[in-house]
Amino acid sequence: MALDVEGFSRTSSRHQKFLNTLVKDVLAEAFARSGLARVWEGASFPQHTGDGYVVGVPSEYLPVLVHPLLDRLQEAVADVQPEVAYRDRSLHLRVRAAIGVGPLPDTGGAEFGDGVGTAMTETHRLLDAPSLKRALAASDPEITFVVAGLTARAYEDAVLGGYTPLTPRHFREIEVSHPAKGYRASARLYVPRPSAGPVPPTAPAARRGAVVFEAVRDV
């Protein structure tokens with residue numbers, strides 16, 4: 001599972017360390033709220049990625065990473081918004097999440113290269129997918145704090161396999177496309193608390209109850 005903070009590179013250097021620490025904290029809280037505190041403590045190859053965080057757990061926990069953990073992550077991020085706003089009223093914490101599944105090496109940190117493999121690559125390709133970024137950008141920043149992508153295999157195993165209470169209707173198919181890397185794949189989008197984007201200010205003439213006439217005279 002990998003997380004990335006929206007707009008991290010556009011955040012001032014003064015706030016980047018704060019957000020970098022906070023994203024790990026909210027993920028840990030989401031694990032705890034999902035009854036997975038011990039799984040978090042024993043997670044494989046946990047590491048900051050500069051603008052996010054990545055962690056590995058045994059594949060038997062895949063269904064609960066999808067649900068309830070993603071919903072608990074939405075709640076945990078929502079709960080820290082006052083703390084974020086207190087630091088800077090213009091600052092927000094919103095994250096993209098990606099979940100993949102597959103065999104990865106894990107020596108408990110004894111060797112370099114733990115976590116390196118196809119599953120990790122697919123997860124990060126999904127995390128960086130323009131379609132996933134657009135999904136977060138198109139939602140209301142005061143309501144939707146998390147959007148998540150599942151790789152095709154994660155979706156098939158957890159959702160189509162019937163191991164979560166979520167159904168295929170909770171998901172939308174998206175494309176993961178990185179032309180420069182010659183990579184294209186299908187994935188599924190899940191938004192724990194969906195919303196429409198911010199409504200633009202209404203022009204005075206278009207206010208409710210107003211009738212607008214436009215006169216055109218041919219010359």
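**Figure 1. Seven helices and seven strands make up the secondary structure of the protein.** This is a predicted model, so take the views below in that spirit. Reading from the N terminus, the elements run β-α-α-β-β-α-α-β-α-α-β-α-β-β. The order opens with a strand and ends with two strands, β-β.

**Figure 2. Burial, contacts and surface across the chain of 219 residues.** Buried residues come to 42% of the 219 in the protein. Take the contacts with a separation of 6 or more: 71% of them are between residues 24 or more positions apart. As for the outside, the protein exposes about 12,500 Å², and carbon and sulfur atoms supply 51% of that area.

**Figure 3. Close-up of the cis peptide bond between His67 and Pro68.** Most peptide bonds are trans. Here, though, the bond that joins His67 and Pro68 is cis, with omega at about 20°. Where does Pro68 sit? Look in helix α3, which covers residues 62-79.

**Figure 4. Close-up of Phe45, a non-glycine residue with a positive phi.** Most residues other than glycine have a negative phi. Phe45 goes the other way: its phi is positive, at about 35°. The residue belongs to strand β2, residues 44-48. Is Phe45 buried or exposed? Its relative accessibility is 14%, and because the cut-off for buried is under 20%, Phe45 counts as buried.

Conventions:
Residues numbered from 1 in each chain as written. Predicted model: local features only at pLDDT ≥ 70, side-chain atom pairs only at ≥ 80, totals over all residues. Heavy atoms only, no water. Helix = DSSP H or I, 4+ residues; strand = E, 2+ residues; numbered from the N terminus. Buried < 20%, exposed > 50% of the residue type's maximum accessible area, 1.4 Å probe, protein only. Contact = heavy atoms within 4.5 Å. Areas by Shrake-Rupley, 256 points an atom, 1.4 Å probe, with all protein chains shown as cover.
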